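I set out to record how one helix is packed, how the nonpolar cores are built and which aromatic contacts occur. My entries follow the structure below.

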Amino acid sequence: MNTLPLVLPELRPALDIFPSVDLSSETLPALRSALEDRAAQAFQTAEDFRVTLEQRHIPAGGDDERTLRLLTIRPTQTASSPRPVLLHLHGGGHCAGRPEQNTGDLCRFAQELNCLVISPDYRLTPETPFPGGIEDAYTTLCWIHDNAETLNIRRDQIGVTGESAGGNLAAALCLLARDRHGPAILFQNLIYPMLDDRNVNDAPNPSPTAGEFVWTRASNTYAWDILLTPSRPGDENISPYAAPARATDLSGLPPTIMTVGALDLFLEEDLLYAQRLIRSGVSVELDVVPGAYHAFDVTDAPIAKQTLERRITSMKRFFSPSED
């Protein structure tokens, strides 16, 4: 089905800049290169904000001496009291990207939410399949909690956010923290999250209007393949910390903000997850953006800016206002 007529007119020009190329071992280097370029360009935007950017390296855990790099962003003004903290997990299909590609949005979050933003450079596939990325996310969460005094942040105000594969990690992190009785998470802001390994090429009854642009079903299949190896998408034993849609119990999870485009491949799995959260007694704020494809918000279109404003407004409701 040709879904181009369903795309918002203001989003159509960006399709020439972000063509839909099926992800594979052959095209992965090009995706990584494109996200590296975007990260370099986005990093320069930090000059437009009243924030301070730093890199930290923390122990990654395990038996080796590996460290985990963190990008931290804090408002430049001195805090008279501990700030909230937002743990961000970047997108890129689990196989590409780094925190700096989101510098502009992260700087806005730090400035407008008056919070510390921390984004780990977690391990990527296929070099490190599951559970490498989610364990790096959990290590970051625990480090934030354990170093609250040094960081001058509040342990009771830790929010998590992520887009696409980062949304997968954010959702999985909330499940993992709940099940390991780890640090409490105040809210999860899931941006078109990648939740279900069964949404692949051989999926039954695929949506006729979702997944034509940017992130295709073929790309999704490849991404899940290399994340789950040696298991395969659709296997019965897939962990919910890899595919949060597999979780049988969603009770006790933090309040959820979720955004997804109506033409995104992830629309139906996200809607189902939101419905299951609501039925489990979890507060959910759901924003379905009409005429929007995957990653529409990296464009300069008005709808992208409006959606970002709504996310910031939603997160403000959770973070207590500072008197600074």
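I began with the surroundings of α2, keeping in mind that the model is predicted. I found that the buried residues of α2 are covered by elements that include α1 (28-43), β1 (51-59), β2 (67-75), β3 (83-89), β4 (116-120) and α8 (302-316). Helix α2 itself spans residues 103-113, and eight of its 11 residues are buried. I listed these as T103, G104, L106, C107, R108, F109, A110 and L113. After the helix comes N114, for which I noted a positive phi near 50 degrees.

I next looked up the largest nonpolar core, which has 44 residues. The members that touch the most other members are I118, L141, I144, L173, L253 and Y273. I noted that two or more residues come from each of β2, β3, β4, α3 (132-146), α4 (148-151), β5 (153-163), α5 (165-179) and α7 (267-279). The most is given by α5, with nine residues.

I then followed Y273 in detail. Leaving out residues up to four places away in sequence, Y273 touches A171, L175, L190, L195, P244, A245, L250, L253 and M258.

A second core, separate from this one, has 19 residues. I recorded L106, C107, A110 and F319 among them.

Last, I turned to the aromatic rings. I found three aromatic pairs in the structure, and one aromatic cluster is formed by F187, F318 and F319. I also noted R180, whose charged end sits over the ring of Y138 at 4.8 Å from the ring centre.

How values were computed:
Residues numbered from 1 in each chain as written. Predicted model: local features only at pLDDT ≥ 70, side-chain atom pairs only at ≥ 80, totals over all residues. Heavy atoms only, no water. Phe/Tyr/Trp six-rings, centres within 6.5 Å; stacked < 30°, edge-to-face > 60°. Lys NZ or Arg CZ within 6 Å of the ring centre and 35° of its normal. Buried < 20%, exposed > 50% of the residue type's maximum accessible area, 1.4 Å probe, protein only. Helix = DSSP H or I, 4+ residues; strand = E, 2+ residues; numbered from the N terminus. Contact = heavy atoms within 4.5 Å. Core = buried A, V, L, I, M, F, W, Y, C linked by side-chain atoms within 4.5 Å.
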